[in-house]
Amino acid sequence: MQSKMKRNEFLKSMGLKGASLLAVYCGASALSSCQNEALTPASAVDFSLDLSNASYAALNTVGKYVIYNQIVIARVSSTSFAAVTQICTHEGKAQVIYNGSKFYCNAHGATFSTTGTALSVTSKALTTYQTALTGTTLRVYA
């Protein structure tokens, strides 16, 4: 018959080596998990979207948006677009969307104007990008 070891006894048996290993493991995994979504789109952003393509057709309607390469592109009026990073400045999560009037982080509720200015939860603005529409081609660039 096997005897069961109590949790306290097990932890004592691990000693300093076990505790050190556990601390290193937990510390390393915490650091790597911060990197999952905190990737910023390349600073040399320059791409075009064909709004006649079904994948980007939502941008033909005011209040709609698409996400491309961690950039949220929204149709904010009949004549203008706004483009911001999807990475929220509050916690670095790729959760920013457009809710029809402003940018919003699904992770914790931070809100941002269409110019990227922080409105609540955080004081850091979102990275913004320029847009230019020629025919049905929308260019997004830094």
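Two strands count as paired if DSSP finds at least two bridges between them. Keep that idea handy for this tour of a predicted model.

**Stop 1: the β2–β3 hairpin**

Select β2 (65-68) and then the strand it pairs with, β3 (71-75). These two strands run antiparallel and are joined by four bridges. To see one of the bridges, click on Tyr 68 and look across to its partner in β3, Ile 71. Together β2 and β3 form a hairpin with two residues between them.

Now zoom in on that turn. Asn 69 sits in the loop between β2 and β3, and Gln 70 lies in that loop too. What is the sign of phi at Asn 69? Phi is positive there, about 55°, although Asn 69 is not a glycine. Gln 70 also has a positive phi, near 60°. Most residues other than glycine have a negative phi. While you are here, notice that Gln 70 is partly exposed, because its relative accessible area is 23% and the partly exposed range runs between 20% and 50%.

**Stop 2: strand β3 from both sides**

Keep β3 selected and show its side chains. Are the residues of β3 buried or exposed? Five of the five are buried, so this strand is largely enclosed by the rest of the structure. Rotate the view to check each face: Ile 71, Ile 73 and Arg 75 are on one side, while Val 72 and Ala 74 are on the other.

Next, add β4 (81-85) to your selection. It pairs with β3 in the antiparallel sense, over five bridges. One of the partners to find is Phe 81 in β4, which is bridged to Arg 75. These strands form a hairpin as well, with five residues between them.

**Stop 3: the nonpolar cores**

Select Leu 49, Leu 59, Ile 71, Ile 73 and Val 140. In the largest nonpolar core, which has 14 residues, these five touch the most other members. Color the strands β1 (46-50), β3, β4 and β10 (137-141) to see the elements that each give two or more residues to this core. There is also a second, separate core of 13 residues; Val 84, Val 96, Tyr 98 and Cys 105 are among them.

**Stop 4: two cysteines**

Stay with Cys 105 and add Cys 88. How many disulfides does the whole structure contain? The search finds zero. The sulfur of Cys 105 is the nearest cysteine sulfur to that of Cys 88, at 3.8 Å. A disulfide would need the two sulfur atoms within 2.5 Å, so this pair does not count as one. Cys 88 is buried, with 2% relative accessibility, and Cys 105 is buried too, at 0%.

**Stop 5: the salt bridge**

Now select Arg 139 and Asp 46. Their side chains meet in a salt bridge, with 2.9 Å from N to O. One salt bridge is found in a search of the whole structure. Side chains of opposite charge can pair when their charged atoms come close. This pair links distant parts of the chain: Arg 139 belongs to β10 and Asp 46 to β1, 93 residues apart. Arg 139 counts as partly exposed at 34% relative accessibility, and Asp 46 counts as partly exposed at 48%.

**Stop 6: the four-stranded sheet**

Select β5, β6, β7 and β8. They form an open sheet in that order, and the pairing is antiparallel. Which strands stand at the edges? They are β5 (96-98) and β8 (118-120); each has a single partner strand, so one side of each is left without a neighbour in the sheet.

Move inward to β6 (residues 103-105) and β7 (residues 111-112), which pair over two bridges. Here Phe 103 stands opposite Phe 112 in β7.

**Stop 7: Thr 111 and Ser 113**

Finish with two polar residues. Thr 111 is in β7 and is buried, with a relative accessible area of 11%. Its side chain makes a polar contact of 2.8 Å with the side chain of Ser 120. Leaving aside neighbours within four places in sequence, the contacts of Thr 111 include Phe 103, Tyr 104 and Leu 119.

Ser 113 is found in the loop between β7 and β8, and at 16% relative accessibility it counts as buried. The side chain of Ser 113 makes a polar contact with the side chain of Thr 115, at 2.8 Å. Not counting residues up to four places away in sequence, Ser 113 touches Phe 103 and Leu 119.

Notes: Residues numbered from 1 in each chain as written. Predicted model: local features only at pLDDT ≥ 70, side-chain atom pairs only at ≥ 80, totals over all residues. Heavy atoms only, no water. Core = buried A, V, L, I, M, F, W, Y, C linked by side-chain atoms within 4.5 Å. Buried < 20%, exposed > 50% of the residue type's maximum accessible area, 1.4 Å probe, protein only. Polar contact = N/O pair within 3.5 Å; in protein donor to acceptor, adjacent residues only side chain to side chain. Contact = heavy atoms within 4.5 Å. Salt bridge = Lys/Arg side-chain N within 4 Å of Asp/Glu carboxyl O.
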